[in-house]
Amino acid sequence: WCLILRASVCFLSDSMSNVNMEATNILPILKKKLAFLSGGKDRRSGLILTIPLSSDQTSMEELSATLDYLLSIPSEKCKARGFTVIVDGRKSQWNIVKTVVLMLQNVIPAEVSLVCVVKPDEFWDKKVTHFCFWKEKDRLGFEVILVSANKLTRYIEPCQLTDDFGGSLDYDHSDWLNKRLVFEKFTKESTSLLDELSIINEGDKSKWLFIPLSAGHELLSELQQRRFNGSEGGGGGQGGEEELLAQPQVMKLLDSLREQYTRYQELCRQRNKRTQLDEIHAKVMQVVTWLQGPGSELLKTQQAIGDSMRAAQALQQKHEEIESQHSEWFAVYVELNQQIAALLSTGEEEEVAELKALQQQLSDVCYRQAAQLESRQNVLQAAQGFHSTTQELSQQLDGLLGMLCADVAPADGASIQQNLKLLEEKLQTVEAGLASVRQKGALVLEQMCSQPSWSLEETESPPGDPQDNVQQIQSVMEEMQLRKQRCEDMVDVRRLKMLQMVQLFKCEEDALQAVEWLGELLDALLKTHVRLGDDSQETRTMLDKHRKFVDVAQSTYDYGRQLLQATVVLCQSLRCTTRSSGDTLPRLNRVWKQFSVSAEERQQRLELALNFHTAAERVFQQEFVEAESLDEVDSSGKTLLDRLTTPIIFPDGSEQYFGSPSDTAAAAEGVRERLLLVEERRLQLQEATESSPLQLIGKRQNKQ
């Protein structure tokens, strides 16, 4: 490619108007390779034009067209150096060669300095040919020589010849033609692109804004890489930079393209920025208009807090729908804010001021609307909490009221205590619920008071005035307080009643316990209080214990009576007539009467025993005993024995003995032993009476 450039190195005159032909117009002819510029130069730095004649008949018209195209490529400066034309006639006839040489006179007479006709191995008639060209030299205007291929190097350096003539210069006609087509296409399209860019930049016609530049960019990229084969070095080192006129022309065209394209880009950037600003302004106004219009109206119509949990939930659902509509516009706000931030970093002072004003306006409106949404959400959440707590408290009050209205018919005191405990727990729960309602109500009021105000320009109050909501909250709290107070009063009454019932059951239980205790005392009296003592001292002690025993029984009986009297009073207060305590009093009286009879009998027996032992001991202690004393002891002893065998007759007619028969026998045995001793004393007295009275008197004196 570098060597081929040297054949077209002097292309394009100082102006693009010299290019009158295009390769695409004669592309089939050019593909035949009737003539070509290989890029080689002669010793005068003139270009070498090669015409390879073939054995086929050559069309002079096609050859002429080919030569016209090839000669249109070099500049006038290159043409002035002259051409060396190599006519390869090794495969052609002499008359064709002659015709071609004469054609050169008509096509490029002034530019041809030397024509080298390469003769074939079968030599033509030398005289004829040489004489002919020598004769026509002045008329032709250039020198024509016949030379064999191996001697062509006498006139041209081998490095400037192609391998067809034994040289080392590389040349690929197909590659050259393809590159030529690319170049011409680039030149044509870039020129057109420059004209269009000029129209855009100078005429300010917006319809050209979107002209396709991809083809021009691709050609620019390819030319910059190749420099149209000039910047990669010249073949053979024969061409100087001053001869490579193609490079300045290409660079000039590239610079023009860059300059115009840069201006175009700047214009597009300014227009795009203006368009962006207009679009952003329109979108900002769209967002602001909706938020201040329909969005605000939606919020203004939703100021109520509902009168129940269900109503509050419905309002919450409606608010979520409103939030969903706002979210779409907030998403647009976020996108616009990002776009504005990106433009602020690259905008000019005037644009920055405009963008900041738009950004501030958009942010103010969005944040104000977001604050309204958040405040409304907080109010609804607080209202739901308030209604939920109020509903729960109402259910608790209903449960407490139901418990208070139900009849109290517990089976025992433990059940009453359990019910009383449950009642107190429910009351505490209600008190805690009321405190929670007050707290939640205060929170709702606080949230409503902290709501951002609407524009001062608005004079009409929106539906659901906050004052109505405040009155509603306060009314609900007052109602709950009144219901709680009524229940609390009823709880006080029920508590007193239940405490009285507890006391009633306690009195009944204690009265029953007194009956049991008294029964146990009676049982102990009858079963264990049998002995009468072996002497007067022991009997006297037993009599004292018996009196104390009776006193205990008396206290137990009195305690039971008092308890039963208290139950009567409590029953009257509680208005309960059918109570089990009605059977307790008869039982208590019955046991007490049995105990009284038994205790009286026991006391009489102890007193008889005491008299018996006292009289017996006195008899035993006296030296002289009257018969009457002995009779008295004997009589009291027999009376006591008879009393031991007598049963106790209770008021109901039933009979009961003290102790077991063995216990009674043991007590009677002690009495009988004493009676035997008294009998012995009686015998002694009888014996003494039979003795002399004097002895008896003496004994008395001695004893005194």
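Buried residues have under 20% relative accessible area, exposed ones over 50%, and partly exposed ones fall in between (1.4 Å probe, protein chains only). This is a predicted model in which local features need pLDDT of at least 70 and side-chain atom pairs count only at pLDDT 80 or more, while totals for chains, interfaces and linings use all residues. Residues are numbered from 1 along each chain as its sequence is written, and side-chain values use heavy atoms, with hydrogens and water left out.

**View 1. Asp-544 and Arg-547 meet in a salt bridge on helix H15**. Their side chains come to 3.2 Å, N to O; a salt bridge here is a side-chain nitrogen of Lys or Arg within 4 Å of a carboxyl oxygen of Asp or Glu. Both residues lie in H15, three residues apart, or about one turn of the helix. Helices (H or I, at least four residues) and strands (E, at least two) are DSSP runs numbered from the N terminus. Asp-544 counts as partly exposed at 38% relative accessibility, and Arg-547 is also partly exposed, at 36%. Elsewhere, salt bridges that share partners join Glu-424, Asp-492 and Arg-495 into one network.

**View 2. Thr-539 sits buried in helix H15**. The helix covers residues 536-574, and Thr-539 has a relative accessible area of 0%. Setting aside neighbours within four places in sequence, Thr-539 is in contact (heavy atoms within 4.5 Å) with Leu-532, Gly-533, Leu-606, Ala-609, Leu-610 and His-613.

**View 3. Two more of the structure's 24 salt bridges**. Side chains of opposite charge can pair when their charged atoms come close. In helix H14 (residues 466-528), Lys-484 and Glu-488 are four residues apart, about one turn of the helix. Their closest N and O atoms are 3.2 Å apart. Lys-484 is buried at 10% relative accessible area, and Glu-488 is buried at 18%. In helix H4 (residues 76-80), Glu-76 and Lys-79 are separated by about one helical turn because they are three residues apart. The closest N and O atoms of this salt bridge are 3.9 Å apart. Here Glu-76 is exposed, with a relative accessible area of 54%, whereas Lys-79 is buried at 16%.

**View 4. An open sheet of five strands, with two helices packed on it**. The strand order is S1-S2-S3-S4-S5, with mixed pairing; two strands pair if DSSP finds at least two bridges between them. Strands S1 (36-41) and S5 (143-147) stand at the edges with a single partner strand each, so one side of each is left without a neighbour in the sheet. From one strand to the next, the twist averages 25 degrees. S2 and strand S3 (residues 83-88) pair in the parallel sense over six bridges, and Ile-48 has Thr-84 as its bridge partner in S3. Helix H3 (residues 60-71) touches S1, S2 and S3, its direction making about 165 degrees with that of S2. Helix H5 (residues 94-107) touches S2, S3, strand S4 (112-118) and S5, and its direction makes about 170 degrees with that of S4. Axes are lines fitted to C-alpha atoms, for helices over the stretch in contact, and angles run from 0 to 180 degrees between N-to-C directions.

**View 5. Confidence along the protein**. The average pLDDT (the predictor's confidence in each residue, from 0 to 100) is 79, and 81% of the residues score at least 70. Among the elements, helix H1 (residues 2-7) has the lowest mean, 30, and strand S2 (residues 47-52) the highest, 92. Over residues 226-245 pLDDT stays under 50, and the model has 50 contacts beyond four places in sequence for this stretch.
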